[in-house]
Amino acid sequence: MPGRSLLDLPDTVTGMSGRAQLMWDEAVTGYDFGPDHPMDPVRLSLTRSLVDAFGLDREVSVVAAKPAGDSTLRLVHRGDYVEAVRAASAEPSAADGAYGLGTADDPAFAGMHEVSALIAGQSVGAAEAVWRGEALHAVNFAGGLHHAMPGSASGFCIYNDASLAIARLLELGAQRVAYVDVDVHHGDGVQAAFWDDPRVLTVSLHEHPRTLFPQTGWPEETGAGSAEGSAVNVALPAGTGDAGWLRAFHSVVPELIADFRPQVLVTQHGADTHFEDPLAHLAVSLDAQRAVQVACHELAHEHAEGRWVALGGGGYAVVEVVPRSWTHLVGIAAGREVAPETMIPESWRQEVFARTRQSAPRRMTDGRWPVEWKDWESGYDPADRLDQAVLAARRAVFPLRGLLA
């Protein structure tokens, strides 16, 4: 069967997507672990500048939400952990390693609590705006810090804004929230937060735990108690490229979302699946990342009445990849997609060089558009490691949800 192309899909439904919010406060760039840490906050400021360069800020409401307060943080995080973060924020040299603070991954820095709570507040504010009908879509590309656990920091993440956004939706009355995570790393903190809560479906596509942090996200991890079948993990072999990544996404996610019928779709769009990312081993292009963003937008309209909260996440090719990927995300949410072949404004390229001494890309594509993949219905190759990964995920979860594996 011939491969599919995005051109074969229905046109992206725009609906009321002009009612979109971009959550942004310049102070989020203070989330800074230091000059030698891969999570360079320049990736956030350059994304914001590229959004401006394309005029997308005129297509959305730019909103700075208030920081998450203690009562909100404690929807997910233990009180003793919040106090430990606050103490490390005031005196970084006294950070308590028992809470994952002051480590190589999560160095303590002055103001850490305040800026982490601010980022969390943007995601919570996005969730509130979407639930209350103030916006149909809301984007916080500074968010997606999905590794933080209830009682510890982990994997560059202090507070788990994705989990906090979902918890706030549940507090506001949502009964079904779907979370789809396409970061190269397993969305372990979000899965842990809702492990036994059937109101939340968590789906994570990530590099196989044998080869990448956090060494979790096996297909057999499916949730507990009444929530068994509510955690879904697609563990992709290292080296997976565009066709395999999109085949995995479309072979698992749409069917689950259609079955679950979420009231809100929350998605995490870590850009570290890219072939140029220095911390992982997938081989996905910017064009495939954009294709999944488009697909998530469509799923929100098809199954969640358009309610969509989109978050950033990982991504450590801070000039070449992250700003382009998340600018595409903002454009899709705003209802004004940036065409892949679009040339990047020279003013932004000059800003990149002035700030980083790196040469910026010239176009909004890696030259792989339209991206093609094969439907699961086109047949299963038992010798193909990608197909083995997809089948393992389907067999682990689909029967628990009354679906055919």
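These questions and answers concern a predicted model.

Me: Which residues does the UniProt annotation "domain: Histone deacetylase" cover?
Reply: The annotation comes from an unreviewed UniProt entry. Its span is 38% helix and 12% strand, and its end C-alpha atoms lie 26 Å apart. The residues covered are 37-330.

Me: What is the volume of the largest cavity?
Reply: Rolling a probe the size of a water molecule over the atoms shows where empty space is left. The structure holds 3 cavities of 30 Å³ or more. The largest cavity has a volume of about 60 Å³.

Me: Which helix gives the most to the lining of the largest cavity?
Reply: The lining includes Q289, V292 and Q293. The helix that gives the most spans residues 286-303 and supplies 3 residues. That helix is α8.

Me: How many residues in the lining of the largest cavity are charged?
Reply: The lining is made up of V182, W245, H269, G270, A271, T273, Q289, V292, Q293 and S325. Of these, 4 are nonpolar and 6 are polar. The charged count is therefore none, since Asp, Glu, Lys and Arg are what count as charged.

Me: Is T273 buried or exposed?
Reply: T273 sits in the loop between β8 (264-268) and α8. Leaving out residues up to four places away in sequence, T273 touches V182, D183, V184, W245, L282, A283, V284 and Q289. Buried means under 20% relative accessible area. At a relative accessible area of 1%, T273 is buried.

Me: How many disulfides does the count come to?
Reply: A disulfide needs two cysteine sulfur atoms within 2.5 Å. The sulfur of C157 has its closest cysteine sulfur in C296, at 19 Å, which is too far for a bond. For C296 the closest is in C157, again at 19 Å and too far. The count comes to 0 disulfides.

Me: Are C157 and C296 buried or exposed?
Reply: The cut-off for buried is under 20% relative accessible area. C157 has 3%. C296 has 2% relative accessibility. C157 is buried, and C296 counts as buried.

Me: Why is helix α5 largely enclosed by the rest of the structure?
Reply: Helix α5 runs over residues 161-171. Its buried residues are D161, A162, S163, L164, A165, I166, A167, R168, L169 and L170. Helix α5 is largely enclosed because the buried share is 10 of the 11 residues.

Me: Which residue just after α5 takes a positive phi?
Reply: Helix α5 covers residues 161-171. Just after the helix, phi is about 120° at one position. The residue is G173.

Methods:
Residues are numbered from 1 along each chain as its sequence is written. This is a predicted model: local features need pLDDT of at least 70, side-chain atom pairs count only at pLDDT 80 or more; totals for chains, interfaces and linings use all residues. Side-chain values use heavy atoms; hydrogens and water are left out. UniProt positions are given in the numbering used here, feature names are shortened, and annotations may be inferred rather than shown by experiment. Helices (H or I, at least four residues) and strands (E, at least two) are DSSP runs, numbered from the N terminus. On a 1 Å grid over the protein atoms alone, a cavity is a set of points where a 1.4 Å probe fits but cannot get out, and a pocket is an open set with protein on both sides within 12 Å along at least five of seven lines; lining residues have an atom within 4 Å of a point. Grid points are joined across faces, edges and corners, and a volume is the space filled by probe spheres set on the points. Buried means under 20% relative accessible area, exposed over 50%, partly exposed in between (1.4 Å probe, protein chains only). Contact means heavy atoms within 4.5 Å.
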